[in-house]
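Please read the notes below with the structure open beside them. They are meant for someone meeting this chain for the first time.

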Amino acid sequence: MTIAATRTLSTTNGDVTVTAGRFVNNSTSAALSAGGTGKTWRVWSTNANPYHGSTGDVTGGLAFDYRQYDASYGVTAVQGAGKGLLYGFAPTLSASLNTTPTKVYDRTDAATVTNAMVTVSSGYVGGDGQAITFATAPTVLAQSSAGTGAKPVYGYRVAGLSALTGNITPLALTLTGVTAANKVYDRSLVALVSGGAVTPLTGDTVTVDTSAMTGAFANWNVGNAKAVTISGAVLGGAEAGNYSVAQPVGLVANITARPLSITAVTVADKTYDRTLTA
């Protein structure tokens, strides 16, 4: 379909819908106009390559609001709002991950891939290529040829993001119910600790063995409410491999001064002088 120079397609109260094997606008940026509240225009093109130098579509500066690829008139749902250029042409982006998806164990198989983790190496068409956003279908921002700013573009296919791998790291379980005993200064870091339990995610079976658990002060100096860390607690159970042990919160104990006995003291005899001095 060709809109000749100085010609327009317009309505006073209704949408304008154009379907064409090749759309050529030889008129102006105002060649399409839809009158009435909430009315708009859409061009549906089945051109095999709407950006081909000699056989591509010619929009003639039409001020569109969005583009949508891989779209068939009467079949594909319109994803954009406002004035649209919709193409049967289905470009494919070649993409890869620049960061390995990683999450802490949460008893689900869900993996999160963010926009920033994806690098597109090729495949953009028609001046697109500002950014990529994943939704039901990939959405990228395109810079319009008219220089009116970024416009949403829908319908890109994406290759290269299947059969990906990622990491799941253990979930740290905090030991609860642990106590540390006060002690008299002995020039060691050893702290006597006892107790301890863990609470895994619902549905998992995890136990903790504290029989070989030991505690340690940060230093051996006398003080009150001194922090104590533990080691040697071992997780068991069917899902133990999905967890690690985290330090108890607020585990403290006191180190008190050690009394010293004075030895090898001698007392001299004296003549009565009515004092207590020895």
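1. A pair of residues is a convenient place to start. Val-184 stands opposite Thr-256, a residue of strand β27. The strands concerned are β19, made of residues 183–184, and β27; they run parallel and are joined by 2 bridges. This is a predicted model, and the points that follow should be read with that in mind.

2. On its other pairing, β27 is matched with β24, which covers residues 223–231; here the sense is antiparallel and there are 3 bridges. One position can be checked directly: Ala-227 has Val-252 of β27 as its bridge partner. As background, strands of a sheet pair through backbone hydrogen bonds, in either a parallel or an antiparallel way.

3. Which residues of β27 lie on its covered face, and which on its uncovered one? Strand β27 runs over residues 252–256, with Ala-253 and Ile-255 on the covered face. Val-252, Asn-254 and Thr-256 make up the uncovered face. In a regular strand, side chains alternate between the two faces of the sheet. Two residues of the uncovered face have already appeared in the pairing: Val-252 is the bridge partner of Ala-227, and Thr-256 stands opposite Val-184.

4. These strands belong to an open sheet of 5 strands, ordered β19-β27-β24-β23-β20, with mixed pairing. At the edges are β19 and β20, the latter spanning residues 190–191, and each of them pairs on one side only.

5. The loop between β19 and β20 contains Arg-187. Although Arg-187 is not a glycine, its phi is positive, at about 60 degrees. Is Arg-187 buried or exposed? Its relative accessibility is 55%, so Arg-187 counts as exposed, the cut-off being over 50%.

6. A second sheet deserves its own look. It is open, has 3 strands in the order β11-β9-β15, and its pairing is mixed. Why is one side of β11 and of β15 left without a neighbour in the sheet? Strands β11 (118–122) and β15 (157–159) stand at the edges and have a single partner strand each, so one side of each has no neighbour there. From one strand to the next, the twist averages 45 degrees.

7. Within this sheet, β9 covers residues 92–97 and pairs with β15 in the parallel sense, over 3 bridges. Leu-93 stands opposite Val-158 of β15.

8. Another non-glycine residue with a positive phi is Ala-163, with a value of about 55 degrees. Ala-163 sits in the loop that links β15 to β16, the latter being residues 167–169. With a relative accessibility of 78%, Ala-163 counts as exposed.

9. How many helices and strands does the chain have? The count is 0 helices and 27 strands. Of the contacts with a separation of 6 or more, 57% are between residues 24 or more positions apart.

10. The overall dimensions should be noted too. The C-alpha trace spans about 135 × 50 × 35 Å along its principal axes. The radius of gyration is 38 Å, whereas a compact globule of 278 residues would have one near 19 Å.

11. Last, the surface. Of the chain's 278 residues, 31% count as buried. The chain exposes about 16100 Å², and carbon and sulfur atoms supply 53% of that area.

Terms used:
Residues numbered from 1 in each chain as written. Predicted model: local features only at pLDDT ≥ 70, side-chain atom pairs only at ≥ 80, totals over all residues. Heavy atoms only, no water. Pairing = 2+ DSSP bridges. Helix = DSSP H or I, 4+ residues; strand = E, 2+ residues; numbered from the N terminus. Axes fitted to C-alpha atoms, helices over the stretch in contact; angles between N-to-C directions. Rg over C-alpha atoms; globule rule 2.2 N^0.38 Å. Buried < 20%, exposed > 50% of the residue type's maximum accessible area, 1.4 Å probe, protein only. Contact = heavy atoms within 4.5 Å. Areas by Shrake-Rupley, 256 points an atom, 1.4 Å probe, with all protein chains shown as cover.
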